[in-house]
Amino acid sequence: MSEIGKRKDDHLDLAARGDVGFHHTTTLFEAVRFVHDALPELSLDEIDTSQRVLGKTLRAPILIAGMTGGTERAAGINRQLAKLAQARGYAFGLGSQRAMYKDPSVAESYRVRDVAPDVLLLGNIGLVQAAQMQSDEVAALARSVAADALCLHLNPAQEAVQAGGDRDFRNGLSTIARLVSELALPLVVKETGCGISGSVARRLRAAGVRHLDVSGAGGTSWVAVETQRAQASRRGLGETFWEWGIPTAASVALAAGHGFDTVFATGGVSSGLDVAKAIALGAHAAGLARPVLQALEGGGETGVEDFFDRVEAELRTAMLLVGARDLAALRRAARVVGPELSLWLGQAGG
Ligand SMILES: Cc1cc2nc3c(=O)[nH]c(=O)nc-3n(C[C@H](O)[C@H](O)[C@H](O)COP(=O)(O)O)c2cc1C
């Protein structure tokens, strides 16, 4: 197996079973409390969770966020989850397509269109890799898997602590501006667990970016993943930065005011109540990565179905209890925001 393939398998094992979550940092979704409506005047059955995202209608505002590709095991995971996303009306993200760029023989592990013909499908490549590619090579990656849009992931914290990771992050914004103007398909700029600040959101909008996945802190820590992979003597740097990042709830709220067409709230989303809070803070859909992988590894397809049945029931219950018939009404729902989230919103700038 190639070096990238081994790394991908490591990532799956660590994400499924390892100690790779933030230890203290939370998403701050718990700092948002909806105001209960004791007279909702709604029936649970009439609640509509649908959301239009990137030209397609999701039945519920949920994205299975990009995780993998490049190995046989990854192929199985992509196909199982994409099929499920198709059946449930969710969006589905592929993991980084760097492996297939380096070795076209593994392209098959990213092909899911035959089992997910209508799904909102997101391709994926890192900014650092895309900076070294021609725009038509980047476009070809997305085209070859029939993606509707391409996620461009930003992961400077992960790279900085990864042995042999990238260390040069210059010209990032100019690469993004080039891709926005030269790619025919939409670009989703995405973090990977450290969040997007208000100021980064503003610079991305100014560069023409219209779709964002904040992937904030509070769920999977990619610094933690790389720290676990590092040799003991090299773990100090990662341990210091384990908690690094902008909590997801803060990142969504900071990014939401900048006029993006799409904001995905990924990072530590673990319940339908979190999804509801993400929507109320300005997201169009919530993304989930590690909890989905854990449900799949723990209980197979039934495990994932059960997990998402619960998430959807929680979302609908939250909507009922704030009197929101649809997601537009949920966005206007009364809420109380706790002190730590208020501090982020007041001081983080933007
Ligand atoms: C096993 C695994 C592999 C991942 N690989 C990628 C990737 O290739 N590209 C990417 O943009 N994000 C990747 N991510 C990051 C997720 O898309 C997401 O941003 C992050 O894990 C936070 O979400 P979570 O807390 O729900 O896991 C990966 C996540 C996991 C768990």
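This is a short talk about some helices, helix pairs and single residues in one structure.

Hi everyone, thanks for coming. One thing up front: what you see on the screen is a predicted model.

Let me start at the N-terminal end, with helix α1, residues 3-17. What span should we expect for its 15 residues at 1.5 Å a residue? The expected value is 21 Å, and the end C-alpha atoms are 21 Å apart, so the two agree.

Now look at which way α1 faces. Lys-8, His-11 and Ala-15 are the buried residues here. They cover an arc of only 60° around the axis, so they sit on the same side of α1. That fits a general point: an α-helix has 3.6 residues a turn, so residues three or four places apart point the same way. Turn to the other side of α1 and you find Glu-3, Lys-6 and Arg-17, which are exposed. And what do the buried residues of α1 pack against? Their partners are four helices from quite separate stretches of numbering: α2 (72-88), α3 (98-102), α9 (222-229) and α13 (290-321).

Two of those partners, α2 and α13, also pack on each other, with their axes 11 Å apart and an angle of about 15°. That angle is under 35 degrees, which makes α2 roughly parallel to α13. The crossing is left-handed. On the α2 side the contact involves Ile-77, Gln-80, Leu-81, Leu-84 and Arg-88, and these meet Val-292, Leu-296, Glu-301, Val-304 and Phe-308 of α13.

Let's stay with α13 for a moment and bring in helix α12, residues 272-280. At what angle do these two axes cross? It is roughly 50°, with the axes coming within 7 Å, and α12 and α13 are therefore oblique to each other. Here the handedness is right-handed. From α12 we have Gly-272, Leu-273, Val-275 and Ala-276, and they meet a stretch of α13 that includes Val-311, Ala-313, Leu-315 and Met-319.

The next pair is helix α11, residues 248-256, and helix α15, residues 339-347. Their axes come within 10 Å and cross at roughly 40°, so α11 and α15 count as oblique as well. This crossing is right-handed. If you'd like to select the contact residues, take Ala-249, Ala-250, Ala-253 and Leu-254 from α11, and Leu-341, Trp-344 and Leu-345 from α15.

On to helix α7, residues 172-182, where Gly-172, Thr-175, Ile-176 and Leu-179 are buried. Those four cover an arc of only 100° around the axis, which puts them on the same side of α7. Which residues are exposed on the face turned away from that buried side? They are Ser-174, Ser-181 and Glu-182. The buried residues of α7 pack against both helices and strands: α4 (127-130), α5, β7 (149-153), β8 (187-190) and α8 (198-206).

Since α5 came up, here is one residue from it. Arg-143 belongs to helix α5, residues 135-144. Is Arg-143 buried or partly exposed? It has 14 C-beta neighbours inside 10 Å, so it counts as partly exposed. Its C-alpha atom is separated by 9.0 Å from that of Leu-185, 42 residues apart along the chain.

Gly-165 is in the loop between α6 (156-161) and α7. Gly-165 is partly exposed too, because it has 14 C-beta neighbours inside 10 Å. In sequence, Gly-165 and Glu-226 are 61 residues apart, yet their C-alpha atoms are 9.8 Å apart in space. Leaving out residues up to four places away in sequence, Gly-165 touches Gln-158, Glu-159 and Ala-160.

I'll finish with some backbone geometry. Most residues other than glycine have a negative phi. Where do we find positive values in this model, then? One is at Leu-28, with a positive phi of about 70°. Leu-28 lies in the loop between α1 and β1 (32-34), and it is buried because 29 other C-beta atoms lie within 10 Å. Another is Leu-54, whose phi is near 50°. Leu-54 sits in the loop between β2 (51-53) and β3 (56-58), and with 21 other C-beta atoms within 10 Å it is buried as well.

That's my tour. Thanks for listening, and I'm happy to go back to any of these views.

Terms used:
Residues numbered from 1 in each chain as written. Predicted model: local features only at pLDDT ≥ 70, side-chain atom pairs only at ≥ 80, totals over all residues. Expected span 1.5 Å × (residues − 1). Buried ≥ 20, exposed ≤ 12 C-beta atoms within 10 Å, placed from the backbone. Arc of directions from axis to C-beta. Contact = placed C-beta atoms within 7 Å. Axes fitted to C-alpha atoms, helices over the stretch in contact; angles between N-to-C directions. Parallel < 35°, antiparallel > 145°, perpendicular 65-115°, else oblique. Left-handed = near helix turned anticlockwise from the far one by under 90°.
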